[in-house]
Amino acid sequence: MEAVRLSDAELADVKAMQGETLALLRALCAIPAPSHHEEKRAAFIRDWFAQRGMPAEIDEALNVRCPMGLDAHEDMVVVMAHTDTVFPDTEPMPMREENGRLYCPGVGDDTANLAAMMMLAHYLKDRPLRCGVLFVANSCEEGLGNLKGCKAIMRAFGPRVKAFLSLDGGMENVCARAVGSSRYRITATTKGGHSFASFGNRNAIEVLAQLVTAFYGQSVPRRGDSLTTYNVGVISGGTSVNTIAQRAEMLYEYRSDDAACLSAMERMMRRILESHALPDACVEVELLGTRPCAGDVDPRAQRALETACCDALRRYARQNPAVCSGSTDCNIPLSMGVPSACFGVYIGDGEHTREEWIDPASVEDGMKAALSVLKNWFD
């Protein structure tokens, strides 16, 4: 596998489609799509493909599937860009253009990549195929979406999938190492009471505070050059300043790019919970989601895909990408032994913030790099 050199005609075609690509990007940004609520954006994408003579369907996970040659070929490749944004908004979010930048929450992650994937799928739709290709505008990549859309695709097609490409993030890295994670809601319940009359009763916030202190006092496991982290991201509870809190909860996660370290973190969490058990407090732990680390992937095939992505970004986007670890849709196929990689088509900053921006001019070079990789599966 390699970064396929584009012809002069193909380079000109990508340049010519930029007006339509950016118009599509703006149209997609105007359709809210929080995780688990991508219905409107999915319907727009399905209809967009249908208007261009490309059969597409929305599955039970709210993925939009656009298949090419799946009936004629057993082996297949999945190309994916996610429809959901990290923001909970159900009304269109503000967009503005200023000093050559396009600002909008979610404009880069992952809407620019989604628009690019749709345009490239249309561009390639009549090309002869070397294998089946499934283009997917997938749901629930962000946060507690828990990779629901990608999981549904891999359940349906897993044994046939020989390679997996996710268009996500920017052009500075190629993500090809899976950071696994486990996320929990930990809830403490106590008797509570009046802050003066019932002073001495156990406070649910105090119970969580002791757990947070214990979590932040643990030493993370290491194996080789692995990285393991933990975080308490949200804590809430109580009633008023003069009430001993009866109930409080927190969201806790740990991550690692090593499966053994991930398992060690679970054991450490359980030990901390057991050692901090109290007779006058009830602590409940609810698993909200997991993301797996990589499984047994053919190293030569994986390296070939990574190299093709890196070379394409160097040749057509003038980037010098590093191969990095991350938590992306690639986690699922990598855990199943499928060679997988992820990169994006834009230069920008501020992802997962309301000040997110991209340089719209950069999308042209990013699409050239993506097309260079995609051509491995088209004649």
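This passage describes the pockets, aromatic contacts and selected buried residues of a predicted model.

The largest pocket holds about 960 Å³ of space. Its lining comprises 43 residues, and E142, R255, S327, E351 and H352 lie closest to the pocket centre. Strands dominate the list of elements that give two or more residues to this lining: β8 (173-178), β9, β11 (228-237), β13, β14 (282-291), β15 (322-326), β16 (340-343) and β17 (347-349). Strand β13 gives the most, with 4 residues. By class, the lining of the largest pocket is mixed, with 15 nonpolar, 16 polar and 12 charged residues.

The second largest pocket contains about 300 Å³ of space. It is lined by 13 residues. Nearest the centre of this pocket are R177, A294, G295, V297 and Q302. At least two lining residues come from each of β8 and α8 (299-317). Helix α8 gives the most to this lining, with 4 residues. In this second lining, 7 residues are nonpolar, 2 are polar and 4 are charged. Strand β8 is thus named for both pockets, giving two or more residues to the lining of the largest and at least two to that of the second largest.

Aromatic contacts were examined next. A search of the whole structure yields 5 aromatic pairs. One of them joins Y184 and Y254. The two ring centres are 5.9 Å apart, and the planes meet at 35°, a tilted arrangement. This pair links distant parts of the chain. Y184 belongs to strand β9 (residues 180-189) and Y254 to strand β13 (residues 247-256), with the two positions 70 residues apart in sequence numbering. Both Y184 and Y254 are buried. Ring pairs extend the group into a cluster made up of Y184, F215, Y252 and Y254.

Two arginines sit over aromatic rings. R96 lies over the face of Y103, at 4.0 Å from the ring centre. R101 lies over the face of W357, at 3.6 Å from the ring centre.

Strand β9 also holds S182. S182 counts as buried because its relative accessible area is 8%, under the 20% limit. Beyond its sequence neighbours up to four places away, S182 touches Y252, E253, Y254, L287, G289 and T290. Two of these contacts, Y252 and Y254, are also members of the aromatic cluster.

H82 is a second buried position. This residue is placed in strand β3. Its relative accessible area is 1%, so H82 is classed as buried. Leaving aside neighbours within four places in sequence, H82 is in contact with D109, D110, L114, N138, E141, E142, D168 and D329. One of these partners, E142, is also among the residues closest to the centre of the largest pocket. H82 and A260 are 178 residues apart in sequence, and their C-alpha atoms are 29 Å apart in space.

Helix α5 (residues 148-157) contributes a further set of buried side chains and backbone positions: G149, C150, A152, I153, M154 and F157 are buried. These buried residues pack against the strands β2 (64-68), β3 (76-82), β6 (132-138) and β7 (161-167), and against α9 (331-335). Strand β3, one of the packing partners of α5, is the strand that holds H82.

Key. Residues numbered from 1 in each chain as written. Predicted model: local features only at pLDDT ≥ 70, side-chain atom pairs only at ≥ 80, totals over all residues. Heavy atoms only, no water. Phe/Tyr/Trp six-rings, centres within 6.5 Å; stacked < 30°, edge-to-face > 60°. Buried < 20%, exposed > 50% of the residue type's maximum accessible area, 1.4 Å probe, protein only. Lys NZ or Arg CZ within 6 Å of the ring centre and 35° of its normal. 1 Å grid on protein atoms, 1.4 Å probe; cavity = no way out; pocket = protein on both sides within 12 Å on 5 of 7 lines; lining within 4 Å. Points joined across faces, edges and corners; volume = space filled by probe spheres on them. Nonpolar A, V, L, I, M, F, W, Y, C, P; charged D, E, K, R; others polar. Contact = heavy atoms within 4.5 Å.
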